[in-house]
Structure formats: C-alpha cells, structure tokens
Amino acid sequence: MSNGLWTTSVGSFPKPPELVKARAEHAAGRLGDDQLHALERRATEDWIRFQEELGVDILVDGEMYRGDMATYFAEEMAGFEIGGLVRSYGNRYYHKPIAVGPVRRTHPITVDAWTYAQSLTKRPVKGMLTGPYTIADWSFDEHYGSRREFVLDLARAIHEEAMDLAAAGARYIQVDEPAASARMDELPLVAEAMAIVTDGLDAHAITHICYGDFMHAYPTMLDIPVDQVDLEMANSGYDLLERFRDIPFTKAIGLGVVDVHSHRIESVDEAADGIRRALEVLPPERIFVDPDCGLKTRTVEEAKEKMRVVVEAARRVRAERGIGDELPDAGPTPGRSIGAPRPAGA
Amino acid sequence: MFATLVGAYPRTPLPGQPFRVRAAHARLERGEIDDAAFRAAQDDLVREVMAEQLDAGLELLTDGQVRWDDQQTAVARGLRGFEVTGLLRYFDTNTYYRQPRALEEPAWVSPITVDDWRFARDVAVSLAHERGIAAPPVKQCLVGPYTLARLSDPGEVGRERLTLALAEALNLELLALRDAGVPVIQLDENALTLIGPDDVAERALAGEALRRVTRGLEEAHLCLAITMGDAVAAGADLLFELPFRSYLFDLIAGPDNWELIARAPGERGIVCGVANARNTRADDEPVMIWAAHYAASTGGRGLDRVALAPSTSLEYLPRDRAKAKIEALAEAARKATIADPEELAKAIDPRAVDARSAALGVYEPPSRRPGAAARGGRP
C-alpha cells in the first residue's frame, strides 16, 4: 500500500481574542513580557491539541508569538528598523521593516518556540521560517542598494536559523517565499538564496509560494533547492496542475485545497475534488494537503472549520484509493536537487 | 511646474495618531456600524489626506483613493458584468487585489467615480477657504481598459472582447467625469509595461482600446499614467497619437521611459515620476530638479508643461514617509522654477558654488578643484 496525502497547514493560525487583546496591551506597555509569553504558550498548546485531536499529520505551532511574517524576523535581527504601517490588501496592514545596516542573525529566533511546541506532541512539528528573498522584498532598503547583496546576507542568517532548528530536532523545515513568484527575472536569485539556506540541512525542506504568477514561474520554480514546494491552489482554481501534464513536477507538493481569504467554508467534496485532480498528475507519496496559505486572517472558528475540511477531504480520498498515512523518513529527498526539466542538450 | 500624486496616498495614520478608518472598517464587518457611518469615517480621511497634500505644497490634488480596496475592483464593482474573486498580487508588490472576473461583456450603468470626485472637489474648496488661498484643482484617476482587462479573468468573454467592451464602458465614465467638470482625468494604464517588443497584437489591442476610451474627449484634459515599469515597447507612436494632453511616467521602475519623454510632442505635458514611491529613502533633490529641467528641454516643452510626482502610488509607504516625499516633491518643483542657475544652486544646497556641482550632488570647495586657482576659482 502506498502512503501519502499527509495533512498539514501552512503556518499561522488566528490568535484567540484574549491574545489579540494582550498583544495590544503589551504594545501599549500595560502588560509585561512574561504575562504575554504565558498567553502565547497557552494559545500554542491549544492549537497543538486541536491539530492532534483532528488528526493532522504534520503540525505547526500556529505562530502565536508573531505579527507579520517578515517583520517578525526583522525585529529579531541586527540591521533593521521597523517602519510604519503599510496596507497589504483590504483592511490588512503590516509594519514594514527598513534595512538600515548590514543584516545578520544575533541569536536563535524560532528555536525556543519550536522546541516548546514539539514538547507538547509526539507528531512532528514543522519549523517555520520566512525566506531571505521575501524578507528582503517586503522590506525597504536604505543600506544595500543591491537586492542580491541584501538577499544573500539574509540567506546566511536564515541558514543559521534552519541549522539550529534541525539540530534541535525539527525534521520538517518550511522556508516561506511568497514573494518568489512576483518577479520572474529574480527566480534565480530566490534559488541561489535557498541553496544557501538549505546547504547541508538534514531535514525535509519546504518552500511556500502563493498569490503570484505561477504560470510564468513554472517550471523555473523547480530550481529552488527544496524537497517540497507548497502552493496556493484552491484560490487559483488548480489551474497550474494542468501544466504538470506537459512539464512534470519534480518535487513533493504542498497542495492548498481551501481558500484562506474567504469566510466561506468549502465543502469536503470541493477539497477532495482538488486532491483527486492532483492525483491525476502526481503520486500520493508526493502530495501534502493543506490550506492555501496561513489561516491567521480567519476567525478561530473559521480556521478550525477549514482545517477540518482539509483533514476530512484527505481522509476521504485516502480511503477511496487505499492510501496509507504512514509518514516517510523526513530527510533530504532526491527532489531537492532536481530542478526544472531542461530541453535536451541545454 | 507643480507637484502632484500619481493617485493613491496612505490611509494609515501618522505616528501616534489613531487609525480610525481601520477601526471603522472592523466595526462595519462586525455589524456594529452601518455603511453611512463607515462612509463618514472615509470622508474624514479624505479631508485629512487632502489637507496634507495641500499643506505639503501639491497643486493638483486627489482624494488619495482611500475609499478603494484597489483600482481594479473600484471600477469593476461599478460596471455590470463582473464578479469579484480571489486575491492576486499587484505587479511585483506585496499588495493584493481581488481579481474581477467577466461574466459577460461589461457595460456602464451609471457614473462610478463622479460623486467621489465632487466630494473631493468640495473638500479642496473648503480647505482652500480655511487657508485663504485659491482652491486647487482635483484630478480623478481610474484604471484604463487595457490594464483592467489584463488584470481581470476574462472568462468566456475572452480578453480582446473584454478589453474593447471595457473601453466603450469606461468611455462613458470619462464623458460623465468631463460633464461633471473634472479638470484633469487620469487613466492609469500600468499594464502597458507588460507589452513586449514582439507583442504586435497586444500593442494593437492597447491602441484600439485607448482610441475608443478617449473618443469624444478631445476638449477634456486627459492624462495617461504609466507606472511599475517602462512602456517603451508599447511605443511612442501608439502613445502620442492618442489625444492625451499629458503623460505621467514612472522614472524609477522604468528609467527607459525617458526615451518616451524625449519623443513626446512639445505641446504635451509631462509628469515625471521621480520620487521613489517604493523605498523610504529620501530622494535626491538635485536629481528631481534635473529631471524637471530635462523634461522641459525636450521638444521645446518648457517648465510650464512639466510636473513632478512620486514614481507610483504612495500607498506602498508608511504615512510619515509618504508625507516627507510629497513635501520634498513640492519643494523640488518650487526650486525647479528658479531661473537663475546661481540662485538655483544656492537654493538646492547653500554650500554649492555652481549649478553643476549641485546637480551632481557633489560639493567640492573651489580651491580643491583641479585647475580652480588658475581659472580664478570658478570653472
């Protein structure tokens, strides 16, 4: 029996209302670090318990201690200032970092949070990092003047963090690069930076890419040296899957089957249908099933319902196809070094 | 010679100020306030961002587009024939828009932007009255048919039909704006930067769409704005055969747009997008002034037909940085009108001793310049 269609999530979950309030109180100086930290840990534990009870295969800590995914890392590194708010879409805003000097890691950033989350469960918890290209692209640069130098300095910093996570025991490490699909001419830079991040990394390395021009980014995105590429698929109608028929996808895929920017809860039928479409072009052992992106913009209830849909849909298709759920040994795979298919002689 | 926005301005607050419109939006979503109360919060924000433009020294204002989720849905929701779907990245930014999907050939039903423009015009009059100055003109911007079609899902309609139907629909919107008395109507056609050198069919489609959307508007001041890259491959022939009286070019993401400016007929206005709207770093004032002078020199245009602007929407910046950018733009525009080179040099940098060293951003005391002493201290 083959195994596959493992369920996971992309990284973030919504913060419970009491934590949202506590973060505002903390920002206003009315709540101490220890009190906030205790609430973050309680919320992390709640999400770990929820995922365990739901039967998710690879868990995340839910990022209860983070605000924006790029700004969080910038806050913890040398060389950044945190700028004012800018809008992302609709009524969503984030504090955009500003590089004002050489950027570098001064201490482990996520290892404590990962270690705590992993201590709560026997199932694997993913290490969650933001990629160097995305941190650079989502920051203002007042120091480098060269995007490549900025990105590669960040790659060295994120590599240190990834190695520390692996040393702490993380077997799945996700390096989010949602900005990767924005500029086709810079995909080689994304790959160059990721090669630094994953160099010698003894873990299943994942990158998450979303909301970009996938049609043009494919198949060059396969040059990014990771074992798995996690893609937003439900929001874009799974249209990229059709291209896999002509140009095979050479890595494992993280298949987004629920839209994270819609209040509507998809039916299990819809999500299962997305999985079946993926099975037409990829074997089950190279498919991980998850939401399109982090669920932090949904309410807690919406996020839980969407996760239930993800897990139920994967279970249903596993049962239909006789696919098991045993997790493989999570280390580097041949897919990490296999890039985009090249024309003969190229 | 003046300074203006491309269109959008941050709706975020200045440091230390409350973020009222975000709070109002959240309350609207929770059902705690109604649409009228939310619109009142937006009205307040329009007044605030227009006051900021006026006090910074901008002379052609906008409402900052602070009511819009994004340029595409702002127009698509007002037309018949679209539904609004999932999020997509806007060009290479970290800003997202909901993609319109055509369900049928879109059609214009009633004015989409006229009421908002009238409100902004009245705000400008009121603000000017409070300050005892003449009311500044207010321009209305909207996405052009080629860009809206290219960023939409054309569905069964197909992109060519969608583009041309949008051109006809938006033509009616432009006529409505003209009839309302809008002094400058700006069409934003950023997707012209996506046309490649060999895209003959795309060039023809864009040209036909722009001809249709501008039909019957020869007496209006239409401005064509192109940001997020260069439109060199779209071609000067296409751009300048159209009845636009002025053109706004992004000269940061698309420095090759200078080629187009050099070929723009001298009677057309040029708005130089020279303040980097995608980086917080302060822009080089001498470079902005040089840009104004160079644009003025092309085709015998003169400074009267040149303006300065950010390179694109200022919404990509935090509010305090955007405010600093428009203040710097207005100051650069003011200094660019100083006719005497020596006076200009002093205005740019009091330490500068001649216009050239100021324009280069380099100051070197006369005594240190090679040969300076032999030439009496001045080159």
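1. How many bridges join strand β7 of chain B to strand β8 of chain B, and do the two run parallel or antiparallel? Let's start there, keeping in mind that this is a predicted model. Strand β7 covers residues 246-250 of chain B and strand β8 covers residues 269-275; five bridges join them, and they run parallel. For one position you can look up yourself, find B:Ser246, which stands opposite B:Gly269 in β8(B).

2. Now step back to the sheet that holds this pair. In chain B, seven strands form an open sheet, and their order is β1-β9-β8-β7-β6-β5-β4. The pairing in this sheet is parallel. At the edges are β1 (2-3) and β4 (140-143) of chain B, each of which pairs on one side only. When you trace the sheet on screen, try going from one of these edge strands to the other.

3. Chain A offers a sheet with another kind of pairing to look at. Here three strands form an open sheet in the order β2-β3-β5, and the pairing is mixed. Its edge strands are β2 (77-89) and β5 (140-141) of chain A, each pairing on one side only. Where does the mixture come from? β2(A) and β3(A) run antiparallel, whereas β3(A) and β5(A) pair in the parallel sense.

4. Let's take the antiparallel part of that sheet in more detail. Nine bridges join β2(A) to strand β3 (residues 92-105) of chain A. Three of the partners in β3(A) are worth finding: A:Met77 has A:Arg105 as its bridge partner, A:Glu81 has A:Ile98, and A:Val86 has A:Tyr94. The two strands form a hairpin with two residues between them. In the turn you will find A:Gly90, with a positive phi of about 45 degrees.

5. A:Ile98 deserves a second visit. On one hand, A:Ile98 is the bridge partner of A:Glu81; on the other, A:Ile98 has A:Phe140 as its bridge partner in β5(A). The pairing of β3(A) with β5(A) extends over two bridges.

6. Two backbone details are good practice for reading torsion angles. In chain A, a cis peptide bond joins A:Tyr218 and A:Pro219, with omega about 10 degrees. A:Pro219 is placed in the loop between α8 (214-217) and β8 (228-231) of chain A. In chain B, look at B:Phe91: its phi is near 45 degrees, a positive value in a residue other than glycine. B:Phe91 is found in the loop between β2 and β3 of chain B.

7. Next come two helix pairs in chain B. The axes of helix α4 (residues 114-131) and helix α6 (residues 159-180) of chain B come within 10 Å and cross at roughly 30 degrees. Angles under 35 degrees count as roughly parallel, so α4(B) and α6(B) are roughly parallel to each other. The crossing is right-handed. On the α4(B) side, B:Val114, B:Trp117 and B:Arg118 meet B:Ala176, B:Leu177 and B:Ala180 in α6(B). By class, this contact has five nonpolar residues, no polar ones and one charged residue.

8. What is the angle between helix α10 (residues 285-297) of chain B and α11(B)? Their axes cross at roughly 55 degrees and come within 9 Å. That angle makes α10(B) oblique to α11(B). Their crossing is right-handed. From α10(B), B:Glu285, B:Met288, B:Ile289, B:Ala292 and B:His293 meet several residues of α11(B), including B:Ala328, B:Leu329 and B:Lys335. The contact between these helices has eight nonpolar, one polar and two charged residues.

9. How do the chains meet? 26 residues of chain B are in contact with 26 residues of chain A. On the chain B side, the elements giving two or more residues are α1 (20-29), β2 (79-89), β3 (96-108) and α11 (319-336). β2(B) gives the most, with four residues. By class, this side of chain B divides into nine nonpolar, seven polar and 10 charged residues.

10. Finally, the layout of chain B. Chain B is divided into domain 1 (2-337) and domain 2 (348-379). Taken over C-alpha atoms, the centres of these two domains of chain B are separated by 40 Å.

Methods: Residues numbered from 1 in each chain as written. Chains lettered and ligands numbered in written order. Predicted model: local features only at pLDDT ≥ 70, side-chain atom pairs only at ≥ 80, totals over all residues. Contact = placed C-beta atoms within 7 Å. Nonpolar A, V, L, I, M, F, W, Y, C, P; charged D, E, K, R; others polar. Pairing = 2+ DSSP bridges. Domains from an automatic or database assignment. Axes fitted to C-alpha atoms, helices over the stretch in contact; angles between N-to-C directions. Parallel < 35°, antiparallel > 145°, perpendicular 65-115°, else oblique. Left-handed = near helix turned anticlockwise from the far one by under 90°.
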